[in-house]
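Hello,

Here is the model I promised to pass on to you. Please have a look at it first, and then read on for what I found.

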Amino acid sequence: MILNSTYTEKNHKQIIADLVGKPYSFFEAIKLKGIGSKRMIVSEVSPNLRVLMNKVTDVNYANIELRRGGIIVYINKGLQNFSWIIPFYQLVIYRTNGMSIHAQGKFIHFKNNKTFKENKHFFSKLLDLKVAYDVQHNLYPI
């Protein structure tokens with residue numbers, strides 16, 4: 001689900017909490033050593049996400065926030081912000097030349113450059129949380 005989060009709306013908070021859970025508390029975020037990625041350069045998106053990208057040759061940026069039951073990908077388009085909410089059970093991550101996130105028939109590919117390399121620790125934490133979620137909910141029984 002993609003929400004226009006440029007302006008805060010009361011029902012968006014509840015929709016996000018229902019899909020991916022409430023945000024981590026301050027102390028939980030410190031214990032996890034951060035719950036947000038640094039901004040990354042978007043190199044490619046699926047055709048149904050192209051409307052969220054800048055039309056001109058500007059660089060497109062996105063960042064990711066961890067939640068208890070999934071992630072939120074924040075995409076910036078000019079002065080607008082969009083939130084792509086992805087529950088863990090729909091999340092698929094591919095390590096190609098960079099990193100690619102797939103869910104709900106959409107994908108976003110992050111460019112392999114300095115900003116991506118700064119998020120290496122974040123992506124390993126994301127994969128660990130996804131595996132823990134899958135094991136806890138018996139999505140992939142061992």
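**The sheet and what lies across it**

The centre of my notes is an open sheet of 8 strands, in the order S1-S5-S4-S3-S2-S8-S7-S6, with antiparallel pairing. Its edges are strand S1 (2-4) and strand S6 (92-94), each of which pairs on one side only. From one strand to the next, the twist averages 30°. Please keep in mind that this is a predicted model.

Two helices are worth displaying together with the sheet. Helix H1 (residues 10-20) lies across S1, S3, S4 and S5, and runs at about 30° to S5. Helix H4 (residues 120-136) lies across strand S2 (40-45), S3, S4, S6, strand S7 (99-103) and strand S8 (106-110), at about 40° to S3.

**Strands S3, S4 and S5**

Now to one part of the sheet in detail. Strand S3 (residues 60-67) pairs with strand S4 (residues 70-77) in the antiparallel sense, over 7 bridges. The two form a hairpin, with 2 residues between them. If you want to check the register, Ala-62 stands opposite Ile-75 in S4, and Glu-65 stands opposite Ile-72 in S4.

On the other pairing, S4 and strand S5 (residues 80-87) are joined in the antiparallel sense over 8 bridges. Here Ile-72 stands opposite Ile-85 in S5, so you can follow a line across the strands from Glu-65 through Ile-72 to Ile-85. The hairpin of S4 and S5 also has 2 residues between its strands, and Gly-78 takes a positive phi near 60° there.**Salt bridges**

How many salt bridges are there? The count comes to 3.

- Arg-68 and Glu-28 meet through their side chains at 2.7 Å, N to O. Arg-68 lies in the loop between S3 and S4 and Glu-28 in helix H2 (residues 26-31), so this pair ties together parts that are 40 residues apart in sequence. Arg-68 is partly exposed, with a relative accessible area of 38%, and Glu-28 counts as partly exposed at 31%.
- Arg-67 forms a salt bridge with Glu-65, with 2.9 Å between the closest N and O atoms. Both Arg-67 and Glu-65 are buried. This is the Glu-65 that stands opposite Ile-72 in S4.
- Asp-134 forms a salt bridge with Lys-130, and their closest N and O atoms are 3.2 Å apart. Both residues lie in helix H4, 4 residues apart, about one turn of the helix. Asp-134 is buried, with a relative accessible area of 6%, and Lys-130 counts as buried at 12% relative accessibility.

**A nonpolar patch**

Which residues make the nonpolar surface patch? Phe-26, Phe-27 and Ile-30 make it, and its area is about 390 Å². Phe-27 lies in helix H2, the helix that also holds Glu-28 of the salt bridge with Arg-68. With a relative accessible area of 64%, Phe-27 is exposed.

If you open the model with S4 in view, you can trace its pairing with S3 and with S5, and then look for H1 and H4, which both lie across S4. From the loop between S3 and S4, Arg-68 then leads you to Glu-28 in H2.

Happy viewing, and best wishes

Key
Residues are numbered from 1 along each chain as its sequence is written. This is a predicted model: local features need pLDDT of at least 70, side-chain atom pairs count only at pLDDT 80 or more; totals for chains, interfaces and linings use all residues. Side-chain values use heavy atoms; hydrogens and water are left out. Two strands pair if DSSP finds at least two bridges between them. A salt bridge is a side-chain nitrogen of Lys or Arg within 4 Å of a carboxyl oxygen of Asp or Glu. Buried means under 20% relative accessible area, exposed over 50%, partly exposed in between (1.4 Å probe, protein chains only). Patches are made of residues with over 30% relative accessible area and no salt bridge: like charges are joined within 9 Å, nonpolar side chains (Val, Leu, Ile, Met, Phe, Trp, Tyr) within 5 Å. Accessible areas come from the Shrake-Rupley method with a 1.4 Å probe; for residues, only the protein chains shown count as cover. Axes are lines fitted to C-alpha atoms, for helices over the stretch in contact, and angles run from 0 to 180 degrees between N-to-C directions. Contact means heavy atoms within 4.5 Å.
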